[in-house]
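Student: Could you take me through one part of this model in detail? I would like to follow a single region and see how its neighbours connect to it.

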Amino acid sequence: MKRNLIILTAIAAGSFFTACNKDFLDREPLDAYNNDNIWKNEADLTAALNGCYKGWEDVYNIIYLDCATDNGYNQWPWEGYTSYGNGSITASDVDAANRWSYTTIQKCNSFLENADKAQMEEAKKNRMKAEARFLRAYQYFTLTQLYGNVPLVTKTVTMQEANTIKQTPIGEVRQFILDELAAIAPQLDVSYTGKDIGRITRGAALALRARLNLYMKKWDDAITDSRAVMQLGYELDPSYSDVFRIKNENNKEVILDVQYMENIVANTVLGIMPSNGYGGWGSIVPSQSLVDAYEMANGKPITDPTSGYNPNDPYTNRDPRLQLSIVTPGQRYGGRIYDPMDPDSDDYYLGDNNSKTGYLYKKWTSNFEDYANIWNTGLNAIIIRYSEVLLTYAEAMIEKGTIDGTVYDAIDLVRKRAKMPVVDRGVYAGQVKMRELVRRERRVELALEGLRWYDVKRWEIGPQVSNGKLYGMRTGTVDPATGKLTLTGPNVEVENRVFDASKNYVWPIPQKEIDVNKNLDQNPNY
């Protein structure tokens, strides 16, 4: 069931926050409103809160972020992530500002300053305020991850104040986020029914807190928060691919998502992933590096000489998540054999609107028949799901040095759902080997879910994984009837990348913001 009320009233609530829809440094003072008339009762407060939900996150941000990493490639520079991937981004680029936004923060600040004016049941009012505080905390999570030190604004500000505000040290902003999430978790419902499905839950607050604690290397806190989520009744869906299908939305694995509704507030992004032959643009595509990260079906990495990996038949007997997440040459997809190798094929890798790596993302678009129009769908965008929490718990325990049966159990739950063997405890024992395992598991389990950039950042592996040539498939031929491959050529070279560890772990503060507000400091070496 869709969050109909939230979506529909979010549209109507635009009049509550007209000024807040402007850029952070370009808006009318909020005192232009007649607040006495719009905060009277529960209906007013619901409409205003739904306005806070509008635009709080976007599927575009989630799936494109992998292109800033070794997982993927964005071939169209005007879509905003090519320069992040190859390391050429500058503060003056338009794309530097594509995630710098205080719109939702200011809407939430206004809501929180006025909510107590409404005459309604107090417990529900507190829950609604907790929802707004989460939406604000989530914005600060994203801002600090991408830009580092950012202004911490917890009240509505005038345009003059906005243009003089200073950055807050990242540590203070992160502590604010953690404190907010801890405070609001008890006030949020564990689950919702009917028209309230999709609202922020207690699990969402605890799971985001676990994520941030993990990123801050606060192992004990990450473990505590993960365990709390694990007690709330979430489960892994039996089918890995069905987690991302519209027929299975709001399943028990989903902890936090953005809700969409066809024709009203539509998910209009899915069409960018398939190639021209399927009516798509081939905008964001997987790398060979990501493909190589998937183990063999026997649980051994392809670099293990005993794994059975055959470079001339590279997609056979692999982790099932490879074929469920990525369309490889020769795979049946969309009712036919996918062939990016034949120059006469609609999928040819050098053709217009086709994948330059020869691979397509399949996650989110596994079944075309799910949609009447892939450019206008109601598919929700999952932000946090239960498998991430299990892997967060496992990683925090590993990094703490407490590798017990619960660590293996958490990882095994994720692997067994994917029809992979349980962890070989003889091979994976001790912190070094377990760290290798859980990092690989995160990469393949959560591919195209907007988390790889954060992982590369916190593991500080950018120079190792994001420098040098980005490769795609090996070339050859595909049998049009069976999909059998005959690989005769080298891997396709897509682009050359540079990762400068002295700057690329954060994005540049948009130059247009610094030009307006001289109190903002640019990130180092931009």
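Tutor: Happily; what follows starts from one helix and works outward through its partners. Keep in mind that this is a predicted model.

Let us begin with helix 6, which runs over residues 122–147. Several of the features below come back to it, through salt bridges, packing and a cavity lining.

Take Lys124 as the starting point. Glu42 forms a salt bridge with Lys124, and the closest N and O atoms of the two are 2.5 Å apart. Glu42 belongs to helix 2 (residues 42–53) and Lys124 to helix 6, so this pair ties together parts that lie 82 residues apart in sequence. As for the surroundings of the two side chains, Glu42 has 29% relative accessibility and therefore counts as partly exposed. Lys124 is also partly exposed, at 27% relative accessible area. In general, side chains of opposite charge can pair when their charged atoms come close.

Further along helix 6 comes a second salt bridge, where the side chains of Arg199 and Glu131 meet at 3.2 Å, N to O. This pair, too, links distant parts of the chain: Glu131 is in helix 6, whereas Arg199 sits in the loop between helix 8 (170–184) and helix 9 (202–215), 68 residues apart. Here both partners, Arg199 and Glu131, are buried. For the wider picture, the structure holds 40 salt bridges.

Arg199 also leads us to another residue of the helix. Arg127 has its place in helix 6, and with a relative accessible area of 9% Arg127 is buried. Setting aside neighbours within four places in sequence, Arg127 is in contact with Arg199 as well as with Gln187, Leu188, Asp189 and Tyr192.

Now look at the helices beside this one. The buried residues of helix 5 pack against both helix 2 and helix 6. How many of the residues of helix 5 are buried? The count is 11 of 12, so helix 5 is largely enclosed by the rest of the structure. Among those buried residues are Thr103, Ile105, Lys107, Cys108, Phe111 and Leu112. The length of helix 5 (residues 103–114) fits as well: at 1.5 Å a residue its 12 residues should span 16 Å, and the end C-alpha atoms are 17 Å apart, which agrees.

Helix 2 gives a similar account. From its first C-alpha to its last, helix 2 reaches 16 Å over 12 residues, close to the 16 Å expected at 1.5 Å a residue. Of those 12 residues, 10 are buried, so helix 2 is largely enclosed by the rest of the structure. The buried set includes Asp44, Leu45, Leu49, Asn50, Cys52 and Tyr53. Glu42, the salt-bridge partner we started with, is partly exposed at 29% relative accessibility.

Helix 6 also reaches into the story of the cavities. A search of the whole structure finds 6 cavities of 30 Å³ or more. The second largest of them holds about 80 Å³ of space. Its lining has 13 residues, and the closest to the cavity centre are Glu57, Ile62, Tyr138, Gly450 and Tyr454. Helix 6 and helix 3 (59–64) each supply at least two residues of this lining. By class, the lining is made up of 6 nonpolar, 3 polar and 4 charged residues.

For comparison, the largest cavity has a volume of about 100 Å³. It is also lined by 13 residues, and those closest to its centre are Ala68, Tyr84, Trp453, Phe499 and Asn504. The lining of the largest cavity has 9 nonpolar and 4 polar residues, with no charged ones.

One backbone detail rounds off the tour. Leu448 is found in the loop between helix 15 (431–445) and helix 16 (452–459). Its phi is near 65 degrees, a positive value in a residue other than glycine. Most residues other than glycine have a negative phi. Leu448 has 0% relative accessibility and so counts as buried.

To put the pieces together: helix 6 is joined to helix 2 through the Glu42 and Lys124 pair, has the buried residues of helix 5 packed against it, and supplies part of the lining of the second largest cavity.

How values were computed:
Residues numbered from 1 in each chain as written. Predicted model: local features only at pLDDT ≥ 70, side-chain atom pairs only at ≥ 80, totals over all residues. Heavy atoms only, no water. 1 Å grid on protein atoms, 1.4 Å probe; cavity = no way out; pocket = protein on both sides within 12 Å on 5 of 7 lines; lining within 4 Å. Points joined across faces, edges and corners; volume = space filled by probe spheres on them. Nonpolar A, V, L, I, M, F, W, Y, C, P; charged D, E, K, R; others polar. Helix = DSSP H or I, 4+ residues; strand = E, 2+ residues; numbered from the N terminus. Salt bridge = Lys/Arg side-chain N within 4 Å of Asp/Glu carboxyl O. Buried < 20%, exposed > 50% of the residue type's maximum accessible area, 1.4 Å probe, protein only. Expected span 1.5 Å × (residues − 1). Contact = heavy atoms within 4.5 Å.
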